[in-house]
Amino acid sequence: MRIEPIQNGIVIDHLTAGTSLKLYHLLGLDHLECPVALIQNAVSEKMGSKDIIKIGADIEIDYDIIAYVDPGATVNVVKNGELYEKKTLSKPKRLVNVLKCANPRCITSTEQELDQVFLLSDEEKGVYRCMYCETKAK
């Protein structure tokens, strides 16, 4: 299988195999009108297998969402066919409007205008909890 290099855009690389589809939906890539390639279970010397997402346009993306899904991912910004910038990520301390609280008694269930805010409560395990009711994110 051959996927052509992009001239301008973003490559999200070193994703844990099986995570690209979740990230695709969380980033809203299904609403873009530019080319987007999802490569799943690509052979990787370092990881064994990995996923890759290639976006054929220079768009704004939320790096916190990428780091939440897979903090080991790298983001490469490509301009004029050349690597312009490479970003390494770490788990965000706070996620806003990425997750939804599962607790039906949480204030976010009744107060629709409130942001859904989750805070990193256990960095080692990657556990996030609702800021309002402390329910663990699923």
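Leaving aside its neighbours within four places in sequence, which residues is threonine 108 in contact with? Hi everyone, let's use that to find our way around. One reminder before we look: this is a predicted model.

So, the answer. Threonine 108 touches Cys101, Leu114, Asp115, Gln116 and Tyr132, once we skip the neighbours within four places in sequence. With Gln116 we can be more specific, since the two side chains are joined by a polar contact of 3.4 Å. If you are looking for threonine 108 on the screen, go to helix H3, residues 107-110. Is threonine 108 buried or exposed? Its relative accessible area is 4%, and buried means under 20%, so threonine 108 counts as buried. Here is one more distance for you: cysteine 133 sits 25 residues away along the chain, and its C-alpha atom is 9.2 Å from that of threonine 108.

Now let's move to the sheet. It is an open sheet of 5 strands, paired antiparallel, and the order across it is S2-S3-S1-S4-S5. Why do S2 and S5 each have one side without a neighbour in the sheet? Strand S2 (36-44) and strand S5 (82-88) stand at the edges, and each has a single partner strand, so one side of each stays free of a sheet neighbour. On average, neighbouring strands here are turned by 20° against each other, ignoring direction. For one pairing in detail, take S1 and S4, the latter being residues 74-79: they are antiparallel over 5 bridges. You can see isoleucine 10 standing opposite valine 77 in S4.

Next, the nonpolar cores. The largest one has 29 residues, and Ile12, Leu23, Ile55 and Ile66 touch the most other members. Several elements give two or more residues to this core, including strand S1 (9-16), helix H1 (20-26) and strand S3 (48-55). Helix H2 gives the most, with 5 residues. Leucine 23 is a nice one to click on: beyond four places in sequence, its contacts are Ile12, Leu15, Ile53, Ile65, Ile66 and Val69. Apart from this core lies another one, of 6 residues, with Val11, Ile39, Ala42 and Ile52 among them.

Last stop, glycine 18, in the loop between S1 and H1. Glycine 18 has 55% relative accessibility, and exposed means over 50%, so this residue counts as exposed. Measuring C-alpha to C-alpha in the model, glycine 18 and isoleucine 39 are 9.8 Å apart in space, with their positions 21 residues apart in sequence.

That's my tour, thanks for listening!

Technical notes: Residues are numbered from 1 along each chain as its sequence is written. This is a predicted model: local features need pLDDT of at least 70, side-chain atom pairs count only at pLDDT 80 or more; totals for chains, interfaces and linings use all residues. Side-chain values use heavy atoms; hydrogens and water are left out. A nonpolar core is a set of buried Ala, Val, Leu, Ile, Met, Phe, Trp, Tyr and Cys residues joined through side-chain atoms within 4.5 Å. Buried means under 20% relative accessible area, exposed over 50%, partly exposed in between (1.4 Å probe, protein chains only). Helices (H or I, at least four residues) and strands (E, at least two) are DSSP runs, numbered from the N terminus. Contact means heavy atoms within 4.5 Å. A polar contact is a pair of N or O atoms within 3.5 Å; within protein, one must be able to donate a hydrogen and the other to accept it, and residues adjacent in sequence count only if both atoms are side-chain atoms. Two strands pair if DSSP finds at least two bridges between them. Axes are lines fitted to C-alpha atoms, for helices over the stretch in contact, and angles run from 0 to 180 degrees between N-to-C directions.
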